[in-house]
Structure formats: structure tokens, C-alpha cells
Amino acid sequence: MTDAAERKMQFLFALRSKGVTDKSVLTAMERIDRGAFVRGLFAGRAYEDMPLPIACGQTISQPSVVGLMTQALKVSLRDKVLEVGTGSGYQAAVLSELARRVYTVDRHKRLVAEARRVFEALDLSNITAFTADGSFGLPDQAPFDRIVVTAAAEDPPGPLLAQLKIGGIMVVPVGQSDAVQRLIRVTRHETGFEYEELRPVRFVPLIEGLARDG
Ligand code: SAH
């Protein structure tokens, strides 16, 4: 077996052993090369199941957490998805394999620019990335079938709840930024919102406003 094939097998094995069992999610994660989203010093560790530093003091999430969040979102090929927190673009790329259209926003212009370049290089043409404060959602494209927030909020942001379709699902880490947070799944029913607590997670905080340093 080549090194690359062996690495991929170990990557998928780690995902399964952490509970990522959904076939379509595993296939999407097999197709999207995480190595394309990690640059510099940590590039060699892209296939390990750990979060890694990216530009602007942010992090690319741990692959098993990306897998579990994607699985919890129950995405279908008809869905229009919003991701808040583009970061490296990896989570958006995985979603793009499973959804009709993915909108992703980050408050750092530089991260959005870099992620766009990777989407283009990988020919992922159903992703649109914007620099924006995602705590207000993306009113122009709302409502969404699915929303995933990849930064921790103290509560699920009201504008995001409002931009979820009836029957829609949002997955969001909730809690103080310096503590362990809980991953919450919100389902919007005709009559209101249902909240389920999924697992403890650790994300960088959701910060209001655009970043000043790009
Ligand atoms: N999903 C990313 C990891 C995200 S890290 C990946 O797959 O690599 C969290 C990201 O959320 C950071 O890039 C940070 O800049 C962004 N973020 C924090 N607050 C935000 C806000 N209010 N609006 C948009 N993006 C935000």
C-alpha cells in the first residue's frame, strides 16, 4: 500500500472509532483532502485526528468533530446550508459533497480569501464564501435548511434561529469560550424549537463584528 493510501485508511479508521458511522459523511471525508486546508508548519499533521492552527490565530477543527457535526446535521442533497466560521474551509468543503449549496462566512477576510482559493483548486463550485459577521446569519440567502456554527456562542444566536426553515436543523457549540462547551442540535418545528444536547466540544469563541486585522 502507498503511504497516501495507508494514511487515508488510518484517517477513516480514526473517524469510525470516534463514532462517525454515516456512510455518506465518511465518503465525503474520504474525498476531501484535509491536507489541502493546512499550510506551513503543521501541514504534515493534516491526517491526524487533532485540531491544528491556521492563520489569524484560528484553528481547523479536529476531523472527528467535523464528522460528528456533519452527521448530526443530517444533510441531504437538496439542502441549502449556512456555515458560520469558514476558518480553513475544510468543514464547508465536506458539506459541499453532501448538500446542494453551501454558504460560509468568516469575520476574517484573509481566511475567506484563502478558503476561496482552495475551493477553486478543488473545483468545489457549490460553495460561496463571504466576509461577514455570521452572528447575524446571511439574511440575503435565508432561510436555510441547515446551519452549522463552528465557533462557540453563549446561546444559539437569535438571527440564526430566525433564518432556519421549518423542519430545519442547526448544530452549534454553546458555552463560555474558555470552558468546555456543549454541542447542541436545534430542530425547528412548526410549533417551536427542540434542543438536544449532543456532546462536549471545544471551539474558539464566536466574536461579534468583522476582524480589523484582515
Ligand atoms: N470550520 C472551520 C473552523 C472554524 S474556527 C474549519 O473547518 O476550518 C472558527 C472560525 O469562526 C474562525 O475562523 C473565526 O474567525 C470564525 N468566527 C468567529 N466569530 C465569527 C463571527 N461572528 N462571524 C463569522 N465568523 C466568525
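**Notebook: the ligand and its surroundings**

I looked first for the ligand, and it sits in the largest pocket. A pocket here, on a 1 Å grid over the protein atoms alone, is an open set of points where a 1.4 Å probe fits, with protein on both sides within 12 Å along at least five of seven lines. Sitting in it means that more than half of the molecule's atoms lie within 2 Å of the grid points.

I noted that this is a predicted model, where local features need pLDDT of at least 70, side-chain atom pairs count only at pLDDT 80 or more, and totals for chains, interfaces and linings use all residues. Residues are numbered from 1 along each chain as its sequence is written, and side-chain values use heavy atoms, with hydrogens and water left out.

**The shell**

I looked up the neighbours of the ligand and found 27 residues around it. A residue is listed if one of its heavy atoms lies within 4 Å. The closest are Ser88, Asp106, Asp133, Gly134 and Ile207. By type, the shell has ten nonpolar, 13 polar and four charged residues. Gly counts as polar in this scheme, and Asp, Glu, Lys and Arg count as charged. I then checked the elements: β2 (59-60), α4 (90-96) and β4 (101-106) each give at least two residues to the shell. Helices (H or I, at least four residues) and strands (E, at least two) are DSSP runs, numbered from the N terminus.

**Polar contacts**

I searched for pairs of N or O atoms within 3.5 Å. Polar backbone atoms of glycine 134 and glycine 85 each have a ligand nitrogen, at 2.7 Å and 2.9 Å respectively. Threonine 150 uses a polar side-chain atom, 3.1 Å from a ligand nitrogen. The protein covers 99% of the 580 Å² of accessible area that the ligand has on its own (Shrake-Rupley method, 1.4 Å probe).

**Glutamine 58**

I found glutamine 58 in the loop between β1 (52-53) and β2. Its side chain reaches the backbone oxygen of cysteine 56 at 3.1 Å. Leaving out residues up to four places away in sequence, glutamine 58 touches Leu52, Pro53, His108, Leu111 and Val204 (heavy atoms within 4.5 Å).

**Backbone exceptions**

Most residues other than glycine have a negative phi, and most peptide bonds are trans. I looked for departures. The bond from alanine 142 to proline 143 is cis, with omega near 5°. Proline 143 lies in the loop between β5 (127-131) and β6 (144-149). Lysine 74 has a positive phi of about 50°, and its loop runs between α3 (63-73) and β3 (80-84). Aspartate 123 also has a positive phi, near 65°. I placed aspartate 123 in the loop between α5 (109-121) and β5.

Methods: Polar contact = N/O pair within 3.5 Å; in protein donor to acceptor, adjacent residues only side chain to side chain. 1 Å grid on protein atoms, 1.4 Å probe; cavity = no way out; pocket = protein on both sides within 12 Å on 5 of 7 lines; lining within 4 Å.
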